[in-house]
Amino acid sequence: MTDMQDTAVKEASPEPGSRIAGISMDSPGRFINRELSWLAFNSRVLEEALNRNHPLLERLRFLSISGSNLDEFYMVRVAGLHGQVKAGVEAVSPDGMTPLQQLVAVNRQAEILIRKQVETWTQLIRELRAEGIAVLDTEEITAQDHEWLEGYFLESLFPLLTPLAIDPAHPFPFIPNLGFSMVLRLERQGDGAVLNMLIPLPRQTRRFVRLPGDEIRYISIENIITLF
């Protein structure tokens, strides 16, 4: 190392207790929380879904990756925080946060991320439609589509559905890891009594079903179930 390099290293290495940019070298403010840093990383993954330099379907893939990343994050890291809170752990992380404080901060940032994911999906389906790939809502279904979808529902979906009541007489139903369910609030026609219900959607079916015809049109299975 030359004398000039040695001088540069000494100048860049602060003494204990000194301050850089207003942060004391013995302050937790020197560190970025690991979990919040990961969420910031996944936000950058999501940003690639809005990058028009990528092909449109590749942008859709980035949105999907962001979603699966968030699932894994909650299964592993957030589950760990929940375990620490449940065990009464109050040890402070290097950045100065307890497990409970981290959990609150993570949920707040994740809510922002999920909102951005929904907004990105809304934008991408508009762009997909402009390119001839349509994801339909129930209002867009024609009479001919309705007839075909009813047959698909009765043959491929209805036999797999098990509605589960949610009321004081039943324990809250088990929701499998990464499970996808519809939650319904029903009103009985006879006396107007309200019933809450959960319908787990079958994993062995496609999430999006392509409608017959030359056009590229899809509808989600939750919309098919809603129709029938």
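A pocket here is an open set of grid points with protein on both sides within 12 Å along at least five of seven lines, at points where a 1.4 Å probe fits. With that in hand, the second largest pocket of this predicted model holds about 230 Å³ of space.

**The two pockets**

Let's stay with that second pocket for a moment. Its lining is made up of L57, L60, W121, L128, I133, V135, R207, F208 and Y218. Helix 3, helix 4 and strand 3 (133-135) are the elements that give two or more residues to this lining. Sorted by class, the residues around the second largest pocket come out as eight nonpolar, no polar and one charged.

The largest pocket has about 1200 Å³ of space, and 33 residues line it. If you want to find its centre on screen, look for G67, D71, F180, R207 and F208, which lie nearest to it. R207 and F208 also turn up in the lining of the second largest pocket. For the largest pocket, helix 3 (56-86), helix 4 (99-130) and helix 6 each bring at least two lining residues. Which helix gives the most? That would be helix 3, with eleven residues.

Here are the two pockets side by side.

| Pocket | Volume | Lining by class |
|---|---|---|
| Largest | about 1200 Å³ | 18 nonpolar, eight polar, seven charged residues |
| Second largest | about 230 Å³ | eight nonpolar, no polar, one charged residues |

**Helix 3 up close**

Since helix 3 gives the most to the lining of the largest pocket, it's worth a closer look. Helix 3 has 31 residues, and its first and last C-alpha atoms are 43 Å apart, close to the 45 Å expected at 1.5 Å a residue. Helix 3 does have a kink, though: about 35°, centred on Y74. Y74 also belongs to a cluster in which ring pairs link it with W38, F41 and F73.

Which residues of helix 3 are buried? They are L56, R59, L63, S66, N69, L70, F73, V78 and L81. In an α-helix there are 3.6 residues a turn, so residues three or four places apart point the same way. Keep that in mind as you step along the buried residues of helix 3, including L56, R59, L63, S66 and L70. F73, a member of the ring cluster, is on the buried list as well.

**Aromatic pairs**

Searching the whole structure turns up seven aromatic pairs. In one of them, the ring centres of F153 and F158 are 5.7 Å apart with the planes at 50°, so this pair is tilted. F153 also pairs with F228: here the centres are 5.5 Å apart and the planes are at 25°, so the pair is stacked. This second pair bridges distant parts of the chain, with F153 in helix 5 (residues 143-157) and F228 in the segment after helix 6 (221-227), 75 residues apart.

Are these two partners buried or exposed? F153 counts as buried because its relative accessibility is 6%, under the 20% cut-off. F228, at 29%, counts as partly exposed.

**The chain as a whole**

Zooming out, the protein chain contains six helices and eight strands. Going along the sequence, they follow the pattern α-β-β-α-α-α-β-α-β-β-β-β-β-α. The protein chain has 228 residues, and 27% of them count as buried.

**A few spots to check**

Most residues other than glycine have a negative phi. L178 goes the other way: it has a positive phi of about 60° although it is not a glycine. You'll find L178 in the loop between strand 4 (164-166) and strand 5 (181-187). Its relative accessibility is 52%, so L178 counts as exposed.

I166 sits in strand 4 and is partly exposed, with a relative accessible area of 22%. How far is the C-alpha atom of I166 from that of M197? The two are separated by 5.4 Å, while I166 and M197 are 31 residues apart along the chain.

A105, in helix 4, is buried, with a relative accessible area of 9%. The C-alpha atoms of A105 and E35 are separated by 9.1 Å, and these two residues are 70 residues apart along the chain.

Technical notes:
Residues numbered from 1 in each chain as written. Predicted model: local features only at pLDDT ≥ 70, side-chain atom pairs only at ≥ 80, totals over all residues. Heavy atoms only, no water. Phe/Tyr/Trp six-rings, centres within 6.5 Å; stacked < 30°, edge-to-face > 60°. Buried < 20%, exposed > 50% of the residue type's maximum accessible area, 1.4 Å probe, protein only. Helix = DSSP H or I, 4+ residues; strand = E, 2+ residues; numbered from the N terminus. 1 Å grid on protein atoms, 1.4 Å probe; cavity = no way out; pocket = protein on both sides within 12 Å on 5 of 7 lines; lining within 4 Å. Points joined across faces, edges and corners; volume = space filled by probe spheres on them. Nonpolar A, V, L, I, M, F, W, Y, C, P; charged D, E, K, R; others polar. Expected span 1.5 Å × (residues − 1). Bend = angle between axes of the 7 residues up to and from the residue.
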